[in-house]
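Please look through the sequence and the structure shown below, and keep both at hand while reading the report that follows.

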Amino acid sequence: LYYAGMPADEKKWLESLALMISGVFLVECALKMLAHTPKGYFKSRWNQFDFAVLLGTVGGVVWAEVLGLTANGAAASILRSLRVLRLLRLVNTASSLQVLMKTFLVAVP
């Protein structure tokens, strides 16, 4: 998300947006657990995946905001890239997105 020479206000805006989106996923997880009970929630592999990504996201926020440490390096990149994998869930449920994803995979060498 960041690039060399990125203005500080743009970086702050992107960080705020990421926190808001993570908050939405946190609320979604909590509501699903209330609706299905934690045992029922964790029966679904997608919910297990979402929860693991959410834990990584919350861990990254705690790492950066509470401990004041910078999230640089390979481990931080891996945690950030896991969030992108949530898009696979959308692709899995929507047939038009499946076609788009297959086209993208064919086009990429």
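## The bend in helix α1

In this predicted model, helix α1 bends by about 85° at A35, and a proline, P38, follows within four residues of that point. The bend can be set beside the length of the helix: a straight helix of 34 residues would span 50 Å at 1.5 Å a residue, whereas helix α1, which covers residues 8-41, spans only 40 Å between its end C-alpha atoms.

Another residue of helix α1 is T37, and its backbone deserves a careful look, since most residues other than glycine have a negative phi. The phi of T37 is near 70°, which is a positive value in a residue other than glycine. T37 counts as partly exposed because its relative accessibility is 44%, a value that falls between the 20% limit for buried residues and the 50% limit for exposed ones.

## Buried residues and a salt bridge in α1

Which residues of α1 are buried? They are L14, S22, C29, K32, M33 and Y41, and one of them, K32, also takes part in a salt bridge, in which its side chain meets that of E28 at 3.6 Å, N to O. Side chains of opposite charge can pair when their charged atoms come close.

The two partners, E28 and K32, both lie in helix α1 and are four residues apart, about one turn of the helix. An α-helix has 3.6 residues a turn, so residues three or four places apart point the same way. While K32 is among the buried residues of α1, E28 has a relative accessibility of 32% and therefore counts as partly exposed. The structure holds one salt bridge.

## A nonpolar patch on the surface

On the surface, L26, V58, V62 and V66 make a nonpolar patch of about 330 Å². Helix α2, which covers residues 45-66, gives the most to this patch, with three residues, while L26 is found in helix α1. Is L26 buried, partly exposed or exposed? It counts as partly exposed, because its relative accessibility is 44%.

## The chain as a whole

Turning to the whole chain, one finds five helices and zero strands, so that, read from the N terminus on, the elements run α-α-α-α-α. Of the 109 residues in the chain, 15% are buried, and the accessible surface of the chain comes to about 8,200 Å², of which 72% belongs to carbon and sulfur atoms.

The contacts can also be described by how far apart the partners lie along the sequence: among contacts in the chain with a separation of 6 or more, 45% are between residues 24 or more positions apart.

How values were computed
Residues numbered from 1 in each chain as written. Predicted model: local features only at pLDDT ≥ 70, side-chain atom pairs only at ≥ 80, totals over all residues. Heavy atoms only, no water. Helix = DSSP H or I, 4+ residues; strand = E, 2+ residues; numbered from the N terminus. Buried < 20%, exposed > 50% of the residue type's maximum accessible area, 1.4 Å probe, protein only. Contact = heavy atoms within 4.5 Å. Areas by Shrake-Rupley, 256 points an atom, 1.4 Å probe, with all protein chains shown as cover. Expected span 1.5 Å × (residues − 1). Bend = angle between axes of the 7 residues up to and from the residue. Patch = residues over 30% accessible without salt bridge, like charges linked within 9 Å, V, L, I, M, F, W, Y side chains within 5 Å. Salt bridge = Lys/Arg side-chain N within 4 Å of Asp/Glu carboxyl O.
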